[in-house]
Amino acid sequence: MSSELRYTANTQLEHLHARYTGTGHADLTKYDWITHQHRDTLSSIVGHPPLLSYLALADGEAIGRTKFEMTERMLQPCGPPPKKDED
């Protein structure tokens with residue numbers, strides 16, 4: 001019975017990881033996790049017009065300009081990736 005439960009739990013977890021990229025896994029680095037969080041936040045702001053309008057108004061910019069800047073920021077939201085140690 002416990003092996004069936006373990007199989008079901010692993011299958012559900014794999015399904016969630018496949019469906020929602022950025023949910024994390026054991027080998028995810030801090031940089032990757034933070035990058036996923038920033039991209040999710042930026043895409044949510046761009047995808048919700050009232051929130052985008054609010055931020056554009058607060059910045060004193062046009063809505064199109066704010067949307068463009070946020071879309072551009074999604075490329076590297078946390079700057080360039082850190083150098084990996086070669087071990």
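What percentage of the 87 residues of the protein count as buried? The notes below start from that value and then go through the helix contacts and a few single residues.

1. Burial and surface. This is a predicted model. Of its 87 residues, 14% count as buried. The surface that the protein exposes comes to about 7300 Å², and 57% of that area is supplied by carbon and sulfur atoms.

2. Secondary structure. The protein has four helices and zero strands. Along the sequence the order of elements reads α-α-α-α. Among contacts with a separation of 6 or more, 54% are between residues 24 or more positions apart.

3. H2 against H3. Helix H2 covers residues 30-47. It packs on H3 at an angle of about 95°, and the two axes are 5 Å apart. An angle of 65 to 115 degrees counts as roughly perpendicular, and H2 and H3 are therefore roughly perpendicular to each other. On the H2 side the residues in the contact are Ile45, Val46 and Gly47; on the H3 side they are Pro49, Leu51, Leu52 and Leu55. By class, six of the residues in this contact are nonpolar, one is polar and none is charged. The polar one is Gly47, because Gly is counted among the polar residues in this scheme.

4. H3 against H4. Helix H3 takes in residues 49-59 and helix H4 residues 63-73. Their axes are 9 Å apart and form an angle of about 105°, so this pair too is roughly perpendicular. H3 contributes Leu52, Ser53, Leu55 and Ala56 to the contact, while H4 contributes Ile63, Thr66, Lys67 and Met70. The classes here are five nonpolar, two polar and one charged. Leu52 and Leu55 are listed in this contact and also in the contact of H2 with H3.

5. Thr66. This residue is in helix H4 and is one of those that meet H3. Is Thr66 buried or exposed? Its relative accessible area is 3%, and the cut-off for buried is under 20%, so Thr66 is buried. Leaving aside residues up to four places away in sequence, Thr66 touches Leu52, Ala56 and Glu61. Of these, Leu52 and Ala56 belong to the H3 side of the contact with H4.

6. The salt bridge. How many salt bridges does a search of the whole structure find? The search finds one. The partners are Glu69 and Arg65, whose closest N and O atoms are 3.3 Å apart. Both residues are in helix H4, and because they are four residues apart there, about one helical turn separates them. Neither partner is buried: Glu69 is partly exposed, with a relative accessible area of 33%, and Arg65 is partly exposed at 42% relative accessibility.

7. Gln76 and His38. Gln76 lies in the segment after H4. At 47% relative accessibility, Gln76 counts as partly exposed. How far apart are Gln76 and His38 in sequence and in space? In sequence they are 38 residues apart; in space the C-alpha to C-alpha distance is 9.3 Å.

Methods: Residues numbered from 1 in each chain as written. Predicted model: local features only at pLDDT ≥ 70, side-chain atom pairs only at ≥ 80, totals over all residues. Heavy atoms only, no water. Helix = DSSP H or I, 4+ residues; strand = E, 2+ residues; numbered from the N terminus. Buried < 20%, exposed > 50% of the residue type's maximum accessible area, 1.4 Å probe, protein only. Contact = heavy atoms within 4.5 Å. Areas by Shrake-Rupley, 256 points an atom, 1.4 Å probe, with all protein chains shown as cover. Axes fitted to C-alpha atoms, helices over the stretch in contact; angles between N-to-C directions. Parallel < 35°, antiparallel > 145°, perpendicular 65-115°, else oblique. Salt bridge = Lys/Arg side-chain N within 4 Å of Asp/Glu carboxyl O.
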